[in-house]
Structure formats: structure tokens, C-alpha cells
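Open the model in your viewer and keep the sequence panel visible. The stops below are meant to be selected in order.

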Amino acid sequence: MSNIKEFKGLRAKIRSLDSEAQGVLDWDYLDKIHKVKLPFTLPNEEVELDIVKRRRRKPLGTLTNIFEESPHRTKAKCPHYTICGGCRLQHLEYPEQLAFKEKKIAELFQPLLKFNDVEVR
């Protein structure tokens, strides 16, 4: 990864959201799959991105275009949404935000509770 400087115009599909609500995609570079984080994206979206820097030895992308939007995408209500980072899921419909948060809480508590069926209410 030390040779990664900048890549522009990559096209990829977002696989999932990480714990920070950033889109995650797999990027095949030098015969190795790298996980790339891409803010302001949602799972199953087909996007164009630039890889501009690495954070903690992992590539970080910037969104340049969305070719295929998620059916759960909505317009963010805050005009500062992409700048301040205080509310990372505003582009996701509210019921889907709740489902995402419930899933993340269950994933965090599951190892502590030592059973598989964690129900979050």
C-alpha cells in the first residue's frame, strides 16, 4: 500500500456500512483486496470515486458520482451535513437508520452476552 498516491474515476459498488456509517467497498489493487471507506454512500449503490489518501494504512475515497442510488437514500435536511459530520446518516431514511443502529448495537453486545439472539428495542 505504500505506493498508493491517488486514483481517480474508479467505479465500484458499496458493500456495507462500517461502524462509523461510512460506505465500504472492496478494491482490487496489486492482486490484493483492500477495503475502502467512502463517506456519504449506502449499501448497493454503484458509485464513482477518487482514492486520495490513506488513513491508518487504509485507502479513503471521495465520492464523485452516484450511478445507481439506494432506494433508501433521502435528501439530507441539514445544509452543513457533508461538512460538520455530526449526523452521519441523514442521507438514509429514518427507519433504515434505526435498523442500522440496532444491528450495530447487537453486534457490540453479542460477544459480551455469549448468545446469538440479541434483541434490541
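Which backbone oxygen does the side chain of His-34 reach? Select His-34 in strand 4, which covers residues 32–38, and show its side chain. The partner is the backbone oxygen of Tyr-29, at 3.5 Å. His-34 has a relative accessible area of 8%, so this residue is buried.

Before going further, colour the chain by confidence, since this is a predicted model. The protein chain averages a pLDDT of 84, and 86% of the residues score at least 70. Confidence is highest in strand 2 (residues 16–17), at 94, and lowest in helix 1 (residues 81–84), at a mean of 82. Where pLDDT is low, the predicted coordinates should not be read in detail.

Next, select Ser-70, in the loop that runs between strand 6 (58–68) and helix 1. With a relative accessible area of 9%, Ser-70 is buried. Its surroundings include Leu-42, Pro-43 and Glu-45, which Ser-70 touches when residues up to four places away in sequence are not counted. Ser-70 also has a polar partner: its side chain reaches the backbone nitrogen of His-72 at 3.0 Å.

Stay in the loop between strand 6 and helix 1 and move to Lys-75. Is Lys-75 buried or exposed? Its relative accessible area is 73%, so Lys-75 counts as exposed. Now add His-91 to the selection: this residue is 16 residues from Lys-75 along the chain, yet their C-alpha atoms are separated by 5.6 Å.

Select the sulfur atoms of Cys-78 and Cys-87 next. Why is there no bond between them? The sulfur of Cys-78 lies 5.2 Å from that of Cys-87, its closest cysteine sulfur, and this is too far for a bond; a disulfide would need the two sulfur atoms within 2.5 Å. Cys-87 is accordingly in no disulfide, and a search of the whole structure finds 0 disulfides. Cys-78 counts as partly exposed at 25% relative accessibility, and Cys-87 also counts as partly exposed, at 26%.

Finish with helix 2, residues 94–113. Its 20 residues reach 28 Å from the first C-alpha to the last, close to the 28 Å expected at 1.5 Å a residue. Which residues of helix 2 should be picked out as buried? Show Gln-97, Phe-100, Lys-104 and Ala-106. Then display strand 2, against which the buried residues of helix 2 pack.

Technical notes: Residues numbered from 1 in each chain as written. Predicted model: local features only at pLDDT ≥ 70, side-chain atom pairs only at ≥ 80, totals over all residues. Heavy atoms only, no water. pLDDT = per-residue confidence, 0-100. Helix = DSSP H or I, 4+ residues; strand = E, 2+ residues; numbered from the N terminus. Buried < 20%, exposed > 50% of the residue type's maximum accessible area, 1.4 Å probe, protein only. Polar contact = N/O pair within 3.5 Å; in protein donor to acceptor, adjacent residues only side chain to side chain. Contact = heavy atoms within 4.5 Å. Expected span 1.5 Å × (residues − 1).
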